[in-house]
Amino acid sequence: MDPKIILSSTNQLIDQNVNLQITGLKPNQQVKIRAEMQDDVERTWHSYAIFTSDHEGRINLEKVAPDEGFYTNCDPNGLLWSMQLKESNVYFPPIFLKMSTRSHKVSLYLLVEDEVKDKREVQFNFTNSDTEEENIENPIIGKLFKPKEKNNLPAVIIIGGSTGGLLWAEQMAALLSTKGYATLALNYFDIQNDNLPSELIEIKIEYFKKALNWLEGKSEIDKNNISIMGISKGAELSLLFGSYFSKHLASIIAYVPSSHVFEGISMDEHQTKSSWTYNNYPIDFVKYPVDTKFSKDMNPMDIRKIHDAALNTSTPKQLESARIPIEKIESPILMISGEKDTTWSSSTMCKDMMQTLEKNNNLYQSKHLYFNNMGHTFFLPNLPPMIDHPSVTAQDAANANKKAWNATLKFLVDHFN
């Protein structure tokens, strides 16, 4: 019998496990499995792992850890998240650039004594054949994903962070829609869209209420089952929005949030203005140091220093006025944080917010999921993770991404009415 790669599926969602087995080997035979794929700028990413077959000449990646390779623990998806850039490119950062919801293919090679004996391809998707996508340009800007021809759909508004545009929000929304939700990836500032603010400065809270109203007005949406989810500044906004409008929300999910409103972010001249306004009034905020300068290529650790300095130099009165009144939120909250957050102290702030909820006898079953070995950059599972802290490993980040995603899915199921 010739050595073969056996796959249960060659076309699957990116959060599903790869069911990969090798057959046709001799007992206790050592082989290499190599994986390759391209990111959205056509750079090749690769990984490999070496395994030893069992007494029947088989290898099942769900049951065995590699002898050596790009990952160490037993993990059916280890060859995916452990991929590294094959050749660097001075024009792009050394991170896996997935800037769309297009499918991508992973090529899998079985090598015996460095000779390729078999090859298979698996297509990984953010959506499925049942997904319907709609570009929204009025009265809000974003993308709606939902199952086709379904009614009474629970919905989630998804909001990205300080990079602007859709990116994270669109990819999370696309995959989440395959679980039976209508998901609105909401764009709220974007340097490439003339109909939106170009910087994260004095964004109107009313814009997000408009998005909520728009969803409530769609006949296929269950208006009593709408949640909001955000990351980083989008998580700050989600909690702030909830403090005003939580009676309209089934739940709130906040990835690496802040407990306070911080100053707005400009890539040009430093402007001492709030990130958000309500009723045309700037919401009180924690000010950055006067010499603060942001840039797209700045060291993540420097961003953490800016936020730490802003908190440490504020008076108790200033901190209280800028604090998000989380105790006013009348819906369940899931907060997710990394102890090694390089943007701000999300774990500490989440713990403080949980204490505030407990102190105020908040009865809405809120939770805080934190990871000791994770930074700020949570994303979907089974992709090479973005690592923003020098002591966080790819395995740490991959584990956090998977557990956070599964916790998100469970929390939504548990708290829709």
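This passage looks at one leucine, the nonpolar cores, and a pair of crossing helices in a predicted model.

Start with L176, which sits in helix α2, spanning residues 168-177. With a relative accessibility of 0%, L176 counts as buried, since the cut-off for that label is under 20%. Leaving aside residues up to four places away in sequence, L176 touches V156, I158, Y181, T183, M229, W405, L409 and L412. I95, by contrast, is 81 residues from L176 in sequence, and the C-alpha atoms of the two are 23 Å apart in space.

L176 also turns up in the bigger picture of the nonpolar cores. The largest of these has 68 residues, and L176 is listed with L20, I158, Y255 and F378 as having the most contacts inside it. Helix α8, residues 394-415, gives the most to this core, chipping in 8 residues. Another core lies apart from that one; it has 48 residues, including I136, W214, L215 and I283.

Then there is the meeting of helix α3 (residues 205-216) with helix α4 (residues 233-245), whose axes come within 11 Å and cross at roughly 75°. Angles of 65 to 115 degrees count as roughly perpendicular, so that is how α3 stands to α4. On the α3 side, the contact is made by I205, F208, K209 and L212, while α4 brings L237, L240, F241 and F245. Sorted by class, the contact of α3 with α4 comes out as 7 nonpolar residues, 1 charged residue and no polar ones.

Definitions and conventions: Residues numbered from 1 in each chain as written. Predicted model: local features only at pLDDT ≥ 70, side-chain atom pairs only at ≥ 80, totals over all residues. Heavy atoms only, no water. Helix = DSSP H or I, 4+ residues; strand = E, 2+ residues; numbered from the N terminus. Buried < 20%, exposed > 50% of the residue type's maximum accessible area, 1.4 Å probe, protein only. Contact = heavy atoms within 4.5 Å. Core = buried A, V, L, I, M, F, W, Y, C linked by side-chain atoms within 4.5 Å. Axes fitted to C-alpha atoms, helices over the stretch in contact; angles between N-to-C directions. Parallel < 35°, antiparallel > 145°, perpendicular 65-115°, else oblique. Nonpolar A, V, L, I, M, F, W, Y, C, P; charged D, E, K, R; others polar.
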